[in-house]
Amino acid sequence: AKQIIDDANRLVGQGVHELTLLGQNVNGYHGEGLDGKDWSLARLLDELSKIEGIERLRYTTSHPRDMEDDLIEAHRDNPKVMPYLHLPFQSGSDKILKDMNRRHTRDFYIELVDRIKDAQPELALSTDIIVGFPGETDKDFQDTMDLIETIGYASAYSFKYSPRPGTPAAESEEQIDEDVKKERLAILQKRLTEQQKSFNESKVGSQMTVLLEKNGRKEGQLIGRSPYLQSVHIETEHAKIGDMVDVTIQSATLNSLQAVINSSS
């Protein structure tokens, strides 16, 4: 924990306002804290939030089995933890999840999301999904589509299964035909695209704080990130990269939001 906190202080000295903690199962983090005790990810986030200059905290990527109660509470209690969570489920089929050795079920995932959203109603989710895993039937694929409808995602990464040599799945005799995998992926991505566009459009008219990150293509245009990791385009003569500005969202596309800075910002 000390090294992470030292790194955070160094980055703040360079003008950084947002930190993302990275790890394969980052929410399973446990490490020695400044007090010599074992710290969870939530405890580490709490300490990082005390550093003056840090305005936003994120973490990725998470495993559903490692989402502990104190981390769920951090989404409720720590205002610097952004209301956005990448929580892969991979497949909506219990049979496929078992074959993937994912160690969670469909119902476990749904109940977990409900608990997190109870703690943080503003939470938006992204996820990872694989289609065409060996043995995936039409019903298994439909279970995945049904889960997407049940949860609703702000964005998602979706892939066709491709064999990795030496893994049990690669040795399976139940490989899915490539054309079937392509068709399922197309159906999946069409729906995910609709959900992403709908989520972005739901923010039109709302106010939010944006961290400005880079210049846009047009003169006087800056691009920043919303609390939900959306790209936000702003035209301004006064703000600069690194500023946190309060904006009103005016319009939305699939990949970005357009906004104006509030007059009091």
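Two strands are said to pair if DSSP finds at least two bridges between them, and this idea is used in the views of a predicted model that follow.

**View 1. Strand 6 and strand 7 run side by side in parallel.** Strand 6, which covers residues 124–131, is joined to strand 7 by 6 bridges. At one place along this pairing, Ser126 stands opposite Ser155, a residue of strand 7.

**View 2. Three strands form an open sheet with parallel pairing.** The order of the 3 strands is 5-6-7, and the edges are taken by strand 5 (84–86) and strand 7 (155–160), each of which pairs on one side only. From one strand to the next, the twist averages 10°.

**View 3. Helix 8 packs on the sheet.** This helix, made of residues 178–201, touches strand 6 and strand 7, and its direction makes about 175° with that of strand 7.

**View 4. Helix 6 spans residues 138–151 and has 14 residues.** From its first C-alpha to its last, helix 6 reaches 20 Å, which is close to the 20 Å expected at 1.5 Å a residue. After the helix comes Gly152, whose phi is positive, near 80°.

**View 5. Several residues of helix 6 are buried.** Among them are Phe141, Thr144, Leu147, Ile148 and Ile151. An α-helix has 3.6 residues a turn, so residues three or four places apart point the same way. The buried residues of helix 6 are covered by parts of the structure that include helix 4 (94–100), helix 5 (106–119), strand 6 and helix 8.

Key: Residues are numbered from 1 along each chain as its sequence is written. This is a predicted model: local features need pLDDT of at least 70, side-chain atom pairs count only at pLDDT 80 or more; totals for chains, interfaces and linings use all residues. Side-chain values use heavy atoms; hydrogens and water are left out. Helices (H or I, at least four residues) and strands (E, at least two) are DSSP runs, numbered from the N terminus. Axes are lines fitted to C-alpha atoms, for helices over the stretch in contact, and angles run from 0 to 180 degrees between N-to-C directions. Contact means heavy atoms within 4.5 Å. The expected span of a helix is 1.5 Å times one less than its number of residues. Buried means under 20% relative accessible area, exposed over 50%, partly exposed in between (1.4 Å probe, protein chains only).
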